[in-house]
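User: I have a structure to go through with you. Can we start with the ligand and then move on to a helix?

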Amino acid sequence: MLLGAPGSGKGTQAEMITRHFGIPVTSPGAILRREKELGTALGLETAETTQHGGLVSDKIIVGLIEDWLRLHGAQGFVFDGFPRTVPQAESLQKILERLHTALDLAIWLDVSEKTVRDRIASRLQCLACGFTTSLTSAKFSERPICPYCDGHLVRRGDDDITVLQHRLEEFNAKTQPLALFYENSAILHRLDGNRDREAVFADISRLIGQAA
Ligand code: ADP
């Protein structure tokens, strides 16, 4: 699982893991954005919370993850941005026990507040497939277009400075305590997430290789 503050690069690293190792990834944030776009009951119910940078209820998130694991998790899995609270981590433990499986790795991407602000100010995301890039690394002629599916690259609605403030407060209050939770179980590895994506991915690949 990949843990870290907003803008820590966990989404990008999760994509790279899937592409390189073929391990399926799930991200509650990406699922909720999709549901909102499709206008489903779940999307509408959670839109207000995600838009303002709050955390969605543990019950909803744990339900999503449990369903996803049953359908796609048999050959291994990566969680991007889950769990984000101690009750979510406790629920996950129970689910994994029921499925007779366990976590191999929890990777925590450490980033400075400056990195978070810089990345979020220039983040672009594909409306169609969710691919993430930045204004600085993408080279566009006129309109930003996804290199994978030709979808439109746009800024995320919650990548706004006041919403970011709330996301960081939620992270500090509810997600930081997970470091202690996983340190106790000895699967936690902290990486410097301020470096470029290739350097971080090299470290993640090494950890996955060692855990295999
Ligand atoms: P980021 O980490 O950059 O903030 P995500 O895509 O991981 O972006 O999450 C976007 C939003 O989706 C969060 O601000 C929150 O509202 C919701 N969300 C995602 N994952 C969780 C989770 N595990 N628990 C509660 N809410 C979540």
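User: What is 3.1 Å from a nitrogen atom of the ligand?
Analyst: A polar backbone atom of V56. That is a polar contact, meaning a pair of N or O atoms within 3.5 Å. This is a predicted model: local features need pLDDT of at least 70, side-chain atom pairs count only at pLDDT 80 or more, and totals for chains, interfaces and linings use all residues. Residues are numbered from 1 along each chain as its sequence is written, and side-chain values use heavy atoms, with hydrogens and water left out.

User: And which side chain lies 2.9 Å from a ligand oxygen?
Analyst: R33, through a polar side-chain atom. R123 has a side-chain N or O atom 3.2 Å from an oxygen atom of the ligand.

User: How much of the ligand does the protein cover?
Analyst: 97% of the 540 Å² of accessible area that the ligand has on its own, by the Shrake-Rupley method with a 1.4 Å probe.

User: Which residues come nearest?
Analyst: K10, R33, G54, R84 and Q88, out of 18 around the ligand; a residue counts if one of its heavy atoms lies within 4 Å.

User: Switching to α4: which residues are buried there?
Analyst: I60, I61, V62, L64, I65, E66, W68 and L69. Buried means under 20% relative accessible area (1.4 Å probe, protein chains only).

User: What do they pack against?
Analyst: β2 (25-26), α2, α3 (41-51), β3 (78-79) and α5 (86-98), with contact meaning heavy atoms within 4.5 Å. Helices (H or I, at least four residues) and strands (E, at least two) are DSSP runs, numbered from the N terminus.

Key
Polar contact = N/O pair within 3.5 Å; in protein donor to acceptor, adjacent residues only side chain to side chain. Buried < 20%, exposed > 50% of the residue type's maximum accessible area, 1.4 Å probe, protein only.
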